[in-house]
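Hi everyone, thanks for making time this morning. Please pull up the model on your screens, and I'll talk you through it.

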Amino acid sequence: MTSRPILLVEDNPDDVALTLRALKKNNILNPISVATDGAEALKILFDADHADPTGPGLILLDLKLPKVDGLEVLHRIRGDERTKLVPVVVLTSSKLEEDILSSYRNGANAYVRKPVNFAEFAEAIKTVGLFWLLLNEPVPD
Amino acid sequence: MSRDRASARLFSAIVNSSDDAIVGESLDGMITSWNPAAEGMYGYAAAEIIGRPATVLCAPCGEGEGRETLARIGRGEHVPHYETYRRRKDGTDFPASVTVSPIRDEAGRLIGASSITRDVTEQAHARTAAEVLHRADDLRRANGSLESFTYSVSHDLRAPLRAMSGFSTALLEEYGDVLGEDGRGYAGRIVAASEHMAALIDNLLRLSRLSRTEMHLDPVDLGAESAQIAAELQDADPGRLTRFTIQRPVQVQADRALMRMVMHNLLGNAWKFTSGRDDALIEFGTTPAGDAPVCYYVRDNGAGFDPAYSHKLFSPFQRLHAASEFPGTGIGLAIVQLIVERHGGRVWAEGAVGSGATFYFTLDEEEST
């Protein structure tokens with residue numbers, strides 16, 4: 001499994017805790033950085049002082065975020081040389097057609113609706129994590 | 001004298017060439033004069049209408065108004081022009097703007113009244129069109145706020161539920177032994193309740209989306225759809241002994257996906273409420289109905305319902321059975337009603353406790369297809 005970090009962009013602390021728990025339960029032990037709003041996500045990704053030199057191997061992105069919303073973050077990620085090929089999985093409560101469509105239009109690799117039931121939620125996180133970090137062949141460095 | 005004659009001729013020329021109906025009537029309400037425009041507007045020739053009561057020109061909703069106006073004129077009151085409905089010879093009505101003024105003899109005594117009537121059908125249409133546009137605008141605005149409401153329902157209401165379910169599960173998994181049996185039971189209830197509420201929210205969203213999706217009418221065989229749904233129900237619970245009697249074909253003109261949802265809900269309910277019976281029987285068929293060309297029904301011999309509450313069956317989230325007995329979110333029949341009404345039909349139910357239920361519906365009552 002690649003040990004490149006996961007960037008979790010999520011403003012709801014409960015969802016952050018549940019996502020971290022689900023990753024841990026499924027033995028996905030990559031380092032994880034958490035951005036609790038869109039502006040912080042952009043800072044972690046692009047600000048020289050904050051940016052991780054290796055860059056994330058996977059970005060889990062919520063859509064409804066304070067300050068800079070998820071779609072805008074996605075747009076910026078795809079518009080920048082350093083991040084345009086990083087897998088982005090939109091992880092949200094919404095299953096509105098508009099949200100799904102605009103996520104794909106902005107270059108999301110996948111769109112997953114967070115289930116309410118924790119067992120299903122953990123299963124979803126596990127599937128996403130295993131696929132993008134283990135099964136999927138990443139872009140060569 | 002010749003000046004009088006000249007002015008009389010002029011007056012008569014104005015009356016005869018007017019586009020408005022100009023009608024004279026005597027004090028007792030009989031028609032005394034009738035211009036060509038009146039003939040065009042009402043369809044009566046002067047010869048057949050003069051001498052008849054002016055009330056024949058009033059539509060039922062304007063009856064009495066003529067007599068009252070005449071009485072006011074008689075008292076010397078000024079009557080401002082007003083809008084009303086008038087009736088043509090062929091029995092059809094039209095919106096009219098009417099001005100009534102007194103006719104006096106040389107001594108100034110009141111001898112009758114003349115009314116000038118203008119057909120305002122076009123203005124009325126224009127007004128209706130403006131109202132429709134205004135209403136459409138209101139609807140668009142309401143739909144916009146419904147859209148953002150839907151968004152927050154789908155997004156914001158689910159997040160706390162996920163936390164409730166997630167952290168109760170965490171308690172169970174990590175502190176289950178400390179909680180004891182009762183504690184584990186309580187945490188389990190929180191998990192179940194949050195999932196139930198998530199299902200309610202999803203159904204509410206489905207209901208709100210249903211009322212806005214576009215319909216595509218195609219020929220649909222309700223019998224074939226029912227048979228397929230029956231097979232799916234049987235497959236999901238192969239141990240159950242249930243007899244289905246399904247009339248085929250039952251051709252209708254309807255939106256296939258929506259009608260499938262109707263049949264799915266009705267047959268699924270019948271399936272659910274007959275679960276306690278070894279001799280369960282579920283029927284789908286058609287029957288002649290009073291005012292509709294045909295009426296469709298789904299009948300079962302299951303738990304039935306108390307007819308005293310039948311009016312509540314179709315309200316969202318109304319349930320007539322305990323969730324422990326028959327699970328559900330109480331949205332299925334509200335969805336059925338919404339879809340049937342969007343097809344121009346009605347749905348109603350008959351039943352009694354312990355002796356089954358029959359759900360009837362019609363489609364497109366206006367058109368007899």
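I'll go through chain A, then the contact between the chains, then chain B.

One thing to keep in mind throughout: this is a predicted model.

Let's begin with the sheet in chain A. It is an open sheet of 5 strands, in the order E2-E1-E3-E4-E5, and the pairing is parallel. Strand E2, residues 32–35, and strand E5, residues 110–113, are the edge strands of chain A, so to find them look for the strands that pair on one side only. On average, neighbouring strands of this sheet are turned by 20° against each other, ignoring direction. For those who don't look at sheets every day, strands of a sheet pair through backbone hydrogen bonds, and they can do so parallel or antiparallel.

Now zoom in on one edge of that sheet. Strand E4 of chain A, residues 88–92, runs parallel to E5(A), and 4 bridges join the two. If you'd like one pair to click on, take Leu91(A): its bridge partner in E5(A) is Val112(A).

Next, the helices that pack on this sheet. Helix H1 of chain A, residues 13–25, lies across strand E1 (6–9), E2 and strand E3 (58–61) of chain A. The angle between H1(A) and E2(A) is about 165°. Helix H2 of chain A, residues 38–46, lies across E1 and E2 of chain A, and runs at about 140° to E2(A).

H1(A) has another partner, and that is helix H5 of chain A, residues 118–135. The axes of H1(A) and H5(A) come within 9 Å and cross at roughly 65°, and the crossing is right-handed. Which residues meet there? On the H1(A) side we have Leu18(A), Thr19(A), Ala22(A), Leu23(A) and Lys25(A). On the H5(A) side they meet Phe118(A), Phe121(A), Ala122(A), Ile125(A), Lys126(A) and Gly129(A). Taken by type, the residues of this contact of H1(A) with H5(A) are 7 nonpolar, 2 polar and 2 charged.

I'd like to stay with one of those residues, Phe121(A), which sits in helix H5 of chain A. Is Phe121(A) buried or exposed? Phe121(A) has 23 other C-beta atoms within 10 Å, and because the cut-off for buried is 20 or more, Phe121(A) counts as buried. Here is a nice example of the fold bringing sequence positions together: Phe121(A) and Thr19(A) are 102 residues apart in sequence, and their C-alpha atoms are 8.3 Å apart in space. Setting aside residues up to four places away in sequence, Phe121(A) touches Leu18(A), Ala22(A), Lys114(A) and Pro115(A), and also Arg162(B) and Gly166(B).

Those chain B names take us to the interface. Here 16 residues of chain A are in contact with 15 residues of chain B. On the chain B side, helix H5 (121–156) and helix H6 (158–210) each supply at least two residues. Which of these elements gives the most to that side of chain B? The answer is H6(B), with 12 residues. The chain B side divides into 6 nonpolar, 6 polar and 3 charged residues.

On to chain B itself. It has 369 residues, 26% of them buried, with 9 helices and 12 strands. Of the contacts in chain B with a separation of 6 or more, 55% are between residues 24 or more positions apart.

Chain B also has an open sheet of 5 strands, in the order E7-E9-E10-E12-E11, and the pairing here is mixed. Its edge strands are E7 (242–246) and E11 (347–351) of chain B, and the twist averages 15° from one strand to the next. E7(B) runs parallel to strand E9 of chain B, residues 280–287, with 5 bridges joining them. Thr245(B), for instance, has Glu283(B) as its bridge partner in E9(B). Helix H8 of chain B, residues 256–273, lies across E7, E9, strand E10 (295–300) and strand E12 (357–361), at about 20° to E10(B).

Last stop: Val220(B), in strand E6 of chain B, residues 217–221. Val220(B) is buried, with 22 other C-beta atoms within 10 Å. Val220(B) and Val252(B) are 32 residues apart along the chain, with 5.3 Å between their C-alpha atoms. Beyond its neighbours within four places in sequence, Val220(B) is in contact with Glu225(B), Val252(B), Ala254(B), Arg256(B) and Met259(B).

Thanks for listening, and I'm happy to take questions.

Terms used
Residues are numbered from 1 along each chain as its sequence is written. Chains are lettered from A and ligands numbered from 1 in the order in which they are written. This is a predicted model: local features need pLDDT of at least 70, side-chain atom pairs count only at pLDDT 80 or more; totals for chains, interfaces and linings use all residues. Two strands pair if DSSP finds at least two bridges between them. Axes are lines fitted to C-alpha atoms, for helices over the stretch in contact, and angles run from 0 to 180 degrees between N-to-C directions. Two residues are in contact if their C-beta atoms, placed from the backbone, lie within 7 Å. A crossing is left-handed if the near helix is turned anticlockwise from the far one by less than a right angle, and right-handed if clockwise. Ala, Val, Leu, Ile, Met, Phe, Trp, Tyr, Cys and Pro count as nonpolar, Asp, Glu, Lys and Arg as charged, and the others, Gly among them, as polar. A residue is buried if 20 or more other C-beta atoms lie within 10 Å of its own, exposed if 12 or fewer, and partly exposed in between; C-beta atoms are placed from the backbone.
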